[in-house]
Amino acid sequence: MRQTCLHLGRVIAILALLSLAAAAESPSLTFKFKTIKVNGAQSTAIYGVNNAGAMVGSYVDSGGVRHGFRFSGGKVTKIDDPKGTDTYCFAINKAGTIVGYYSTSSHVAQAFLYVKGKFSDISPVGSTGSQALGINDHGDVNGNFADAKGSHGFLLKGGKYSTLDVPGAQATLGGGINNAGLMTEVWLDSSFSSESSLYNGKTYKTINVPGEPDSDAAAINNLGDIVYSWEGSGDTYGGALRHRGKYYKFHVPHGDRTFGYGINDNKVIVGAYTDDNGVLSGFSATYAK
């Protein structure tokens with residue numbers, strides 16, 4: 001397949017460095033934020049980051065077209081699957097392999113694997129739609145797919161697919177995966193609220209953000225830290241970090257809604273937030289005591 005990456009140059013505008021001490025159990029963590037926007041874009045979101053600091057995400061250009069992209073070394077590289085539209089890049093490993101999904105001509109989500117400039121479709125046999133959400137340094141992929149029976153998670157490892165269904169879930173939506181094979185799985189309960197589990201290959205352990213009705217565990221690093229998005233009562237949205245078994249909520253300063261999506265081993269979190277006008281921007285943040 002032909003390579004569709006186009007270097008856009010240094011078109012990322014990194015805005016003022018902001019800091020915020022998270023409200024959590026003592027001792028608290030301090031989060032320091034940078035806003036990231038693709039120049040000229042209507043919206044920007046960052047979904048994944050590897051240990052070298054390369055980030056991936058999606059943006060909507062001035063004409064309303066959505067693109068996937070990689071941001072590394074101050075440069076944006078557009079990454080659009082040539083077989084469809086509306087490409088989303090969700091995760092990147094140390095080799096630079098990227099996973100995500102695009103929309104087909106039938107407006108169906110199709111998971112992809114992007115390796116050295118080439119795209120490959122990935123999805124279990126019989127799927128009617130799929131998304132690839134996480135990839136570790138071994139190339140194992142965590143994602144989700146739909147079939148005639150509903151929505152399921154999947155693990156792609158060594159060229160073989162395994163179906164993942166959280167017990168009691170109305171739907172399993174996938175998540176992240178680290179090098180030890182630990183996976184986060186977001187699922188819908190009987191009330192169709194979002195819950196999250198940590199899966200070690202044998203058992204599922206519920207790991208919801210305390211006190212919030214909806215918890216979406218996005219990514220997990222090799223230290224076992226997990227980044228979340230959560231939705232609370234009163235139309236409130238925020239990010240959270242599970243660090244050494246404790247939960248720390250965070251919001252981008254001066255933002256409205258905050259969403260946590262990606263994390264690496266160097267204590268860098270990435271995600272997106274909306275401002276008072278509803279404009280979506282990406283962010284990166286470091287965390288420390």
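A salt bridge here is a side-chain nitrogen of Lys or Arg within 4 Å of a carboxyl oxygen of Asp or Glu. By that rule the count in this chain comes to four.

Hi everyone, and a little housekeeping before the details. This is a predicted model, in which local features need pLDDT of at least 70 and side-chain atom pairs count only at pLDDT 80 or more, while totals for chains, interfaces and linings use all residues. Residues are numbered from 1 along each chain as its sequence is written, and side-chain values use heavy atoms, with hydrogens and water left out.

Let me start with the overall fold. The chain has 27 strands and zero helices; both are DSSP runs numbered from the N terminus, with helices being H or I of at least four residues and strands E of at least two. Its radius of gyration is 18 Å, close to the 19 Å that the globule rule gives for 289 residues, so the chain is as compact as a globular protein of that length. For those who like the recipe, the radius is taken over C-alpha atoms, and the rule is 2.2 Å times the number of residues to the power 0.38. Along the principal axes, the C-alpha atoms fill a box of roughly 50 × 45 × 35 Å. Of the 289 residues, 52% count as buried, where buried means under 20% relative accessible area, exposed over 50%, and partly exposed in between, with a 1.4 Å probe and protein chains only.

Now back to the salt bridges. Which residues does Lys83 pair with? One partner is Asp81, with the closest N and O atoms 3.1 Å apart. Asp121 also meets Lys83 in a salt bridge, at 3.4 Å from N to O. That second pair links distant parts of the chain: Lys83 sits in the loop between strands S8 (75–79) and S9 (85–92), and Asp121 in strand S12 (residues 118–121), 38 residues apart. The burial differs along this set: Asp81 is buried at 1%, Lys83 is partly exposed at 33%, and Asp121 is partly exposed at 39%.

Elsewhere, Asp235 and Arg257 meet in a salt bridge at 2.8 Å, N to O. Asp235 lies in the loop between strands S22 (226–232) and S23 (236–243), and Arg257 in the loop between S24 (246–250) and S25 (258–263), so the pair ties together parts that are 22 residues apart in sequence. Both ends are partly exposed, Asp235 at 48% and Arg257 at 25%. Returning to the earlier trio, shared partners join Asp81, Lys83 and Asp121 into one network.

On to the surface. Arg244, Lys246, Lys267 and Lys289 gather in a patch of positive charge. Patches are made of residues with over 30% relative accessible area and no salt bridge, with like charges joined within 9 Å. Among the members, Lys246 lies in strand S24 and is partly exposed at 32%.

Last, some backbone angles. Most residues other than glycine have a negative phi. Which way does phi go for Arg244, positive or negative? Its phi is positive, near 55°; Arg244 sits in the loop between S23 and S24 and is exposed at 67%. His107 also has a positive phi, of about 65°. That histidine lies in the loop between strands S10 (98–103) and S11 (109–115), and His107 is exposed, with a relative accessible area of 71%.

That's my tour, thanks for listening!

Definitions and conventions: Patch = residues over 30% accessible without salt bridge, like charges linked within 9 Å, V, L, I, M, F, W, Y side chains within 5 Å. Areas by Shrake-Rupley, 256 points an atom, 1.4 Å probe, with all protein chains shown as cover. Lys, Arg positive; Asp, Glu negative; His and termini not counted. Charge placed at Lys NZ, Arg CZ, Asp CG, Glu CD.
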